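The report below goes through a pocket, a set of paired strands and a few individual residues. Please keep the sequence and the coordinates open while reading.

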Amino acid sequence: MLPEEKKITVIFRIEPGCLGPEGISHADKFCVMAATELRAASPHFIKWQVEPRHNKQLPEMDFAINGRALNRELAARYFEHFDKDLEQFELDIFDHLPELIDHYFGR
């Protein structure tokens, strides 16, 4: 098993607006629920940090290992080491987001 300090942290910032007009009041609880579900369905080499995206200057997704930020090129190389494609991973996560939202609201 891969030690925690060698896993890639995926920092996933969720727009509160995607949770509807009252999204800001749901953002923190949604992020906790989403992180739990994403952890359960993710490869063994990923750690999740899901948080509301209050600062629009920050990207929707960032990557780090043991607290050190990775640029996209290094993150892509890390994913390749595990025979995964970073772009496909991101597409899959964004495709899964509506399901997470529906689950949160009990739909």
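In this predicted model, α3 gives the most to the lining of the largest pocket, contributing 5 residues. Helices α1 (23-41) and α3 (86-104) each supply at least two residues of that lining, and the space inside the largest pocket comes to about 230 Å³. The residues that line it are Glu37, Leu38, Ala41, Ser42, Pro43, Lys84, Asp85, Gln88, Phe89, Asp92, Ile93 and His96. Sorted by class, this lining is made up of 5 nonpolar, 3 polar and 4 charged residues.

Helix α1 also takes part in a right-handed β-α-β unit, together with β1 and β2. The two strands of that unit, β1 (residues 8-14) and β2, run parallel and are joined by 7 bridges. Within this pairing, Ile8 stands opposite Ile46 in β2, and Phe12 stands opposite Val50 in β2. Strand β1 is also joined to β3, in this case by 5 bridges and with an antiparallel course; there Phe12 has Met61 of β3 as its bridge partner. Phe12 is thus placed opposite Val50 in β2 and is bridged to Met61 in β3.

How are the side chains of β1 and β2 arranged with respect to burial? In β1, 7 of its 7 residues are buried, and the strand is mostly covered. Its side chains Ile8, Val10, Phe12 and Ile14 point one way, whereas Thr9, Ile11 and Arg13 point the other way, and all of them are buried. Along β2 (residues 46-52), by contrast, the side chains alternate, with Ile46, Trp48, Val50 and Pro52 directed to one face and buried, while Lys47, Gln49 and Glu51 are directed to the other face and are not buried.

Just ahead of these strands, Lys7 has its place in the segment before β1. Is Lys7 buried or exposed? Its relative accessible area is 9%, and because this falls under the 20% limit for burial, Lys7 counts as buried. The side chain of Lys7 is joined to that of Glu4 by a polar contact of 2.8 Å.

Two loop residues deserve a separate look for their backbone angles. Most residues other than glycine have a negative phi. Asn66, which is not a glycine, has a positive phi near 50°, and Asp83, likewise not a glycine, has a positive phi of about 55°. Asn66 lies in the loop between β3 (61-65) and β4 (68-70), while Asp83 is found in the loop between α2 (72-81) and α3. The table sets out the values for both residues.

| Residue | Phi | Relative accessibility |
|---|---|---|
| Asn66 | near 50° | 54% |
| Asp83 | about 55° | 74% |

Why do Asn66 and Asp83 count as exposed? The relative accessibility of Asn66 is 54%, and since the exposed class begins over 50%, Asn66 belongs to it. The relative accessibility of Asp83 is 74%, which is also over 50%, so Asp83 counts as exposed too.

Notes: Residues are numbered from 1 along each chain as its sequence is written. This is a predicted model: local features need pLDDT of at least 70, side-chain atom pairs count only at pLDDT 80 or more; totals for chains, interfaces and linings use all residues. Side-chain values use heavy atoms; hydrogens and water are left out. On a 1 Å grid over the protein atoms alone, a cavity is a set of points where a 1.4 Å probe fits but cannot get out, and a pocket is an open set with protein on both sides within 12 Å along at least five of seven lines; lining residues have an atom within 4 Å of a point. Grid points are joined across faces, edges and corners, and a volume is the space filled by probe spheres set on the points. Helices (H or I, at least four residues) and strands (E, at least two) are DSSP runs, numbered from the N terminus. Ala, Val, Leu, Ile, Met, Phe, Trp, Tyr, Cys and Pro count as nonpolar, Asp, Glu, Lys and Arg as charged, and the others, Gly among them, as polar. Buried means under 20% relative accessible area, exposed over 50%, partly exposed in between (1.4 Å probe, protein chains only). Two strands pair if DSSP finds at least two bridges between them. A crossover is right-handed if, with the strands pointing away from the viewer, the path from the first strand over the helix to the second runs clockwise. A polar contact is a pair of N or O atoms within 3.5 Å; within protein, one must be able to donate a hydrogen and the other to accept it, and residues adjacent in sequence count only if both atoms are side-chain atoms.
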